[in-house]
Amino acid sequence: MGSAGGRLGSTALLILSSASLSIAQSLVHPISPLANWTYTGCYTDTVGQRTLTGGGYASASLTNTECVQYCAGRGFYYAATEYSQECYCGNSLRNGATEVQDADCNMACAGNATEACGGPSRLTLFNTTIPPGPTGPFVNPGVNGFRSLGCYSDDVGARTLPVGVATTGGAQALTVALCTSACSAGGYLYAGVEYSEECYCGNAIANGGSTQDASNCDMVCNGNSTEFCGGPSRLNLYTKREAPDGWSALGCYTDSVAARTLESRQFPAGDMTTESCLASCRSNGYTYAGTEYGGECYCGNSFLNGGGPAPDGSAGCNMACNGDPQETCGGPNRMNMYQFGDGTTPSPTPSSSPSPTPSTSPVSTNIPDGWNYKGCWIDNANGRAMIDQRPDNSQMTVASCISACAGRGYGAAGMEYGVQCFCDDFLRNGAKNTSESDCNMGCGGDSSQKCGAGNRLSVYSNSTDPIVSNPVPATQTGNLTGSWEYTGCYKDANLNRALPYQIILNNNNTANNCIKQCSDFGYAAGGMEYGNECYCGDMSDVQAAGATTAPESECNFPCTGNITSFCGGAGRLSLYNWNGPALTQWSYASGNAAGAYEFLIGGVVVPLITQAGRNGKVTFLEKSGTGAPNTTGAYELDLAQINNFTGAWRPMHVKSDIFCSASITLPDKVGRQLNVGGWALDATYGVRLYWPDGSPGVWGQNDWQENVKALSLQDGRWYPTAMVMANGSILVVGGEEGSNGAPVPTLEILPKVGPTVFCDWLLRTDPANLYPYMMVLPSGGIFAQYYNEALILDEVTMQVKKQLPNVPGAVNNFLAGRTYPYEGTAIILPQYAPYTDPVEVMACGGSTPFQGFALDNCVTIAPDVPGAKWTIERMPSTRVLTCMTALPDGTYIILNGAHQGVAGFGLATQPNLNAVLYDPSKPVNHRFTVMANTTVPRMYHSEAILLDDGRVLVSGSDPQDDRFGEEYRVEVFIPPYLMGSPSRPVITIANDSSDWSYGGTYTFSTTQAISKVSILGVGGSTHGNSMGQRTIFPAFSCGGGSCTVTAPPNAHICPPGWFQLFALNAAGVPSVAKWVRIGGDPADLGAWPANLPDFAVPGSG
């Protein structure tokens, strides 16, 4: 039992002195007060209808971090501060909470005057998307209003829950959320998942189903491997009942330490749950049970000492049960009260429904403060006037019904037929007021009070305003967003959906909310079903599913976001289609315009990284352990000896495993290649250098240089990214410790200039941020895109300079990611002289967590623009594990990958064999052209790089999967500009004109008239990340067989390094590239590493 002092301290949560609070302006909030927690926004809250219902506390020294630590330590997913000193926890946002402007949260924290801790009825809200504790598999604690009851027995011949139901996506996609949603839609109180793929529903636990040890429910869900879905003859059982069978929830009641409402204290075994308390009371012969203060259980056969419904409704019952944080177990001096059967009160139990008693007074005098009588209303004329019917109660009174409704967060209560209690926030279906004499039935628990009559409601609300009666719902056919129009009511089937992408909108589903989401992601068909479900797709999906029209009367479920409109029905879709300019328009090339894949040469290794060299050759680096035996780990492909297999492949050597390392080309005078990181132990610290030598047709002599004892990274890294900074230094970012180890949430600079820098954004999003996309921006910042977030770093302090909007994901899943392991690809779009247009960055493809549904869009942002927002463009197909390569004409070829899955061995299926061309010079949503197909699956560990001759070298695929073998064959993709043996210009540049200073002018000769000049950064390709890739179109002029080019003006437009220079004729055919260095070697990398064993350096300059 809590001490009196402890109770007084907790009660202060609701009676804080306003004199002790501080209202401040220009307050801040911590972006991430705790690892894996982020600021969500300022949200509404109401004393009687709390947004977070998992309990909390008050503190005169409260800070946001302290509150988040408290909630995280108790297993909650949300934490919020309010009114300077109050902390609240919960696992979901309740009672219609909405986000408001940050300025509404204007009260300083009691323990930190610089931070916002909410305001009056305003919450500063934080949440975590990573479940506390183990990452799974675990027992889902509850979703969709259901809570877990644990593991239960089942039998094929005598089901614990009798109704088997089909769920969205079929058995192979089953999750707890899908099963509970299906059972809820069917009106069932119980849901159970079994054998990874089966969903059952019911309104009672039948056939002797009983609790079992949790270890018996050990099979993970087909659709979510982090949660359990029962086992053989075992159910993970869930319920939305507030009380076990036979019990009714009466709401929140008052209590006092010195004068108890219920006479007997009980001590159930284990941590407190509602079920354990009620079972203890029942076994001891009591008919009333109350839970209090999170862990106290009281029983009785009558209410003592004036205890009754709490005057503040459910506000004081705000503490989670010690044994189940999904349940509420009272609060300070407040009890969640329950009654078994009819209870035992002085009122006699009626043998039938109460008879009309016209002499009773119309309004009860014993109702909670703040509640008011709103009159007698007609029910069921066009459907129920109030949505939530509580269990019939022969002892019902006006106060008990109001308390039950208030306890569930409602603002209105209605009594009908003497024993029926209905809850809502308003009246529905065109309910009309009627004569008071129509409400003539006495309440079952107090015949002196009126409790409606047959189809008549005695209505009360907690507002002084007239109660709102909303009209009969109708399908919304007008005032639609954009160019949408209503198509009709259509039949839909769980196993053959008319539209493929489902979004659950439990609080805000409307026609416009749904269809706008669809059109924002490029889908021209949208529809709603079951009131809370939104679906997106194309009209071709509807046709392919064979969906047919249904009577309009069958689309009869009110929308959760607008009860005056219908959002489909049971298995019925309110369908809308876009009837305006095409949301997206793809081109389909044929013949030479489609380009072509061509076999180039058989390989000797399956590469992990490929990289073009200044010597006209391509280096291949191989991970250890999965390829052919007796390889040397590294090879150089000589394209001039393609017809001589032995001559084409020069063996090279690395000393450690480069598995999931990073490669770039340095700006030193010989264009050395740098590789950092690796698989495990010393390899993760590896710094490897190769000085390209030799020439086409002639083998070089140099090899990879490596000595981890002499030169190493400060932090070992597996899956890092490397980038040349504007000052010429090398930035190395992120990764893990190696071999599936802990995160390495730091960055460092080579050559070493100081300690590593901790990055909260890397820690918070691990492991979904590996191989982040890093790019130098013209503004002087460094762009980073990781998981589903993006930011700009200060290039000096390496601290976050600007947090950008989160990256859009799938139309139905904002948690989809773009970096490993969800692995899309990203590039910086072309920059054109005079470089006044803001630079844009584009990420394409990726996947969703758990299900591995590949994305079908690219997203673009101009990071330096104030108020930058992402633009979504739908691709012709879904892609994960994809690659993207810049071409000399300013277009990009997207290729390789799969239609389904995530990165990792054996984790993807359905190879995407099609190449797609992206042309940023065309209007948005008209930029994709479907190109040629390959016959070679390129899955996990595939690469694509631009060759000097303008072709794209395509290599690799190492999924370690019996379905898709290791791929040694090397292909090229031939872009349309090289199809049909076109005449191409030949350019010549003097050696002394290949080293460019910023803003200088340089000349080359040409055999043809030139229409365009491009310079492309040389990329090291791995895991969809082409490190160093950049496309620039400089100013130039031509005449008399020569052209003069003006170099980019500075290192932020064009970081120092080596570039492939192309000149294109009037037909868009490029020359063979000449390599030029721009910006010199400002960090003097040519002299690094100085005087170390096993390393030779080319020298400064």
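This report covers the nonpolar cores, sheets, helices, cavities and two loop residues of a predicted model.

Local features need pLDDT of at least 70 and side-chain atom pairs count only at pLDDT 80 or more, while totals for chains, interfaces and linings use all residues. Residues are numbered from 1 along each chain as its sequence is written, and side-chain values use heavy atoms, with hydrogens and water left out.

## Nonpolar cores

A nonpolar core is a set of buried Ala, Val, Leu, Ile, Met, Phe, Trp, Tyr and Cys residues joined through side-chain atoms within 4.5 Å. Buried means under 20% relative accessible area, exposed over 50%, and partly exposed in between, with a 1.4 Å probe and protein chains only. The largest core holds 54 residues. Leu637, Ile893, Leu895, Leu953 and Phe973 touch the most other members. Apart from this core lies another, of 43 residues. Its members include Leu674, Leu750, Leu1085 and Phe1095. In soluble globular proteins, nonpolar side chains tend to be buried together.

Contact means heavy atoms within 4.5 Å. Neighbours within four places in sequence aside, Leu637 is in contact with Leu600, Ile601, Lys617, Val618, Phe620, Ile642, Ala648, Trp649 and Leu953.

## Two antiparallel sheets

Helices (H or I, at least four residues) and strands (E, at least two) are DSSP runs, numbered from the N terminus. Two strands pair if DSSP finds at least two bridges between them.

One open sheet has 3 strands in the order E46-E47-E48, with antiparallel pairing. Strand E46 (662-665) and strand E48 (687-690) stand at the edges. Each has a single partner strand, so one side of each is left without a neighbour in the sheet. The twist averages 20° from one strand to the next. That angle is taken between N-to-C directions, from 0 to 180 degrees, with axes as lines fitted to C-alpha atoms, for helices over the stretch in contact.

E46 and strand E47 (residues 673-676) are joined by 4 bridges. E47 and E48 also pair over 4 bridges, in the antiparallel sense. Both faces of E47 are covered. Gln673 and Asn675 are buried on one side, Leu674 and Val676 on the other. In a regular strand the side chains alternate between the two faces of the sheet.

A second open sheet has 4 strands in the order E49-E50-E51-E52, again with antiparallel pairing. E49 and strand E52 (757-758) are its edges, each with a single partner strand, so one side of each lacks a neighbour in the sheet. Strand E50 (residues 730-733) and strand E51 (residues 746-750) are joined by 4 bridges.

Some opposite residues across these strands are tabulated here.

| Residue | Opposite residue | Strand of the opposite residue |
|---|---|---|
| Thr665 | Gln673 | E47 |
| Ser663 | Asn675 | E47 |
| Leu674 | Leu689 | E48 |
| Val733 | Leu747 | E51 |

## Cavities

A cavity is a set of points, on a 1 Å grid over the protein atoms alone, where a 1.4 Å probe fits but cannot get out; lining residues have an atom within 4 Å of a point. Grid points are joined across faces, edges and corners, and a volume is the space filled by probe spheres set on the points.

The structure holds 5 cavities of 30 Å³ or more. The largest encloses about 400 Å³. Of its 27 lining residues, Met723, Val724, Met1027, Gly1028 and Gln1029 are the closest to the centre. Elements giving two or more residues to this lining include E46, strand E49 (721-724) and strand E76 (1025-1027).

## Helices H4 and H5

In helix H4 (residues 274-283), Thr274, Ser276, Cys277, Leu278, Ser280 and Cys281 are buried. Just after H4, Gly285 takes a positive phi of about 85°.

Helix H5 (residues 398-407) has 9 of its 10 residues buried, so it is largely enclosed by the rest of the structure. Among them are Val398, Cys401, Ile402 and Cys405. The cover over the buried residues of H5 includes strand E18 (247-254), strand E27 (412-416) and strand E28 (420-424). Gly409 follows H5, with a positive phi near 90°.

## Two loop residues

Val156 lies in the loop between strand E10 (147-153) and strand E11 (163-165). Val156 is exposed, with a relative accessible area of 67%. Val156 and Ser233 are 77 residues apart in sequence and 7.4 Å apart in space, C-alpha to C-alpha.

Gln641 is in the loop between strand E44 (633-637) and helix H8 (645-648). Gln641 is buried, with a relative accessible area of 14%. Beyond neighbours within four places in sequence, Gln641 is in contact with Gly647, Ala648, Gly697, Val698 and Trp699. Gln641 and Cys660 are 19 residues apart along the chain, and their C-alpha atoms are separated by 29 Å.

Note on methods
On a 1 Å grid over the protein atoms alone, a cavity is a set of points where a 1.4 Å probe fits but cannot get out, and a pocket is an open set with protein on both sides within 12 Å along at least five of seven lines; lining residues have an atom within 4 Å of a point.
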